[in-house]
Amino acid sequence: MHGRENKDKFGVAREQMLRLDLKGRNITNPDVLKVMAEVPREEFVPESYLSQAYTDGPLPIGMGQTISQPYIVALMTQELRCNRNCEVLEIGTGSGYQTAVLGKLVKKVYTIERFPQLSESAQAVLGRLGVSNVEFYVGDGSCGWPESQLPPSGCFDRIMITAAVPEIPEPLVRQLADGGFLVVPVGYGGVQELVACEKKAGKLIEREICDVRFVKLLGEHGFEK
Ligand code: SAH
């Protein structure tokens, strides 16, 4: 597969990913499956990895970071339990692939990335794809969205962290609405536990999903740089 003109080949590969890697495992939410069938992952991977755009694994995206494995993107999205009315905070824009998936499911996505280069490239791809309900911010996502620019409700209905944390950053717990959900890989080592949390009466109720491997969230409330 060479060049971005091979739309039909990518379509076939995307179909196969849906059938084998998502439906063939435990991805059952019809909205999640629909969006995973729509978002062209080939747009988010570097030219040199185009032929692997639909292999079920992470791929390098520059700056020592990776685009997540399609199954994990679908699983985290399913565990986030979004609906059309949700305002979602995403930490770790990376390639913007997960951002695009969320953007097609919810009212608005607020996404933070520490590398300007990655944020800019994600903004360009989402612009090309017409995903326009996303606000981008470059900075330390472990501190949450800037307080002065929060949505009118003052918090987020859902939060997804797409990098590993030693502990769930306290500013993010604060910015999650009561009754809201947060999905995050937690752990110190190379393998972390994917955790889905619900905030009830100000406290997080945690549920462990499975082992995952993510790059680290580096920042004030994450890992030390
Ligand atoms: N969802 C992305 C995954 C990106 S990997 C995708 O599918 O492409 C995790 C990302 O988190 C990396 O881009 C990394 O630069 C970013 N990151 C790490 N620490 C961060 C921090 N403190 N604030 C914001 N982004 C951070």
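How far is an oxygen atom of the ligand from an N or O atom in the side chain of Ser95? In this predicted model, the separation is 2.7 Å. The protein buries 99% of the 580 Å² that the ligand exposes when taken alone. Ser95 also belongs to a wider set: 24 residues surround the ligand, and those that come nearest are Ser95, Glu113, Asp140, Gly141 and Leu218. For Leu218, a backbone N or O atom lies 2.7 Å from a nitrogen atom of the ligand. A nitrogen atom of the ligand is also found 3.3 Å from a polar side-chain atom of Thr162.

Thr162 leads on to another residue worth a look, since Thr162 is among the residues that Glu90 touches. Glu90 sits in strand S3, which covers residues 87-91. Here is a small puzzle for the reader: Glu90 is buried, yet it has no salt bridge. The nearest side chain of opposite charge belongs to Arg41, 12 Å away, whereas a salt bridge requires the charged atoms to be within 4 Å. Glu90 does have a polar partner, however, as its side chain makes a polar contact of 2.7 Å with the side chain of Thr99. Other residues touched by Glu90 include Gln98, Leu102, Tyr110 and Met160.

Helix H3, spanning residues 70-80, offers another example of covered residues: eleven of its eleven residues are buried. Among them are Pro70, Tyr71, Ile72 and Val73, along with Gln78 and Glu79. Just after H3 comes Arg81, with a positive phi of about 50 degrees.

Technical notes
Residues are numbered from 1 along each chain as its sequence is written. This is a predicted model: local features need pLDDT of at least 70, side-chain atom pairs count only at pLDDT 80 or more; totals for chains, interfaces and linings use all residues. Side-chain values use heavy atoms; hydrogens and water are left out. Helices (H or I, at least four residues) and strands (E, at least two) are DSSP runs, numbered from the N terminus. Buried means under 20% relative accessible area, exposed over 50%, partly exposed in between (1.4 Å probe, protein chains only). Lys and Arg count as positive and Asp and Glu as negative; His and the chain ends are not counted. A polar contact is a pair of N or O atoms within 3.5 Å; within protein, one must be able to donate a hydrogen and the other to accept it, and residues adjacent in sequence count only if both atoms are side-chain atoms. Contact means heavy atoms within 4.5 Å. A residue is near a molecule or strand if one of its heavy atoms lies within 4 Å of it. Accessible areas come from the Shrake-Rupley method with a 1.4 Å probe; for residues, only the protein chains shown count as cover. Lists of a residue's contacts leave out its neighbours within four places in sequence.
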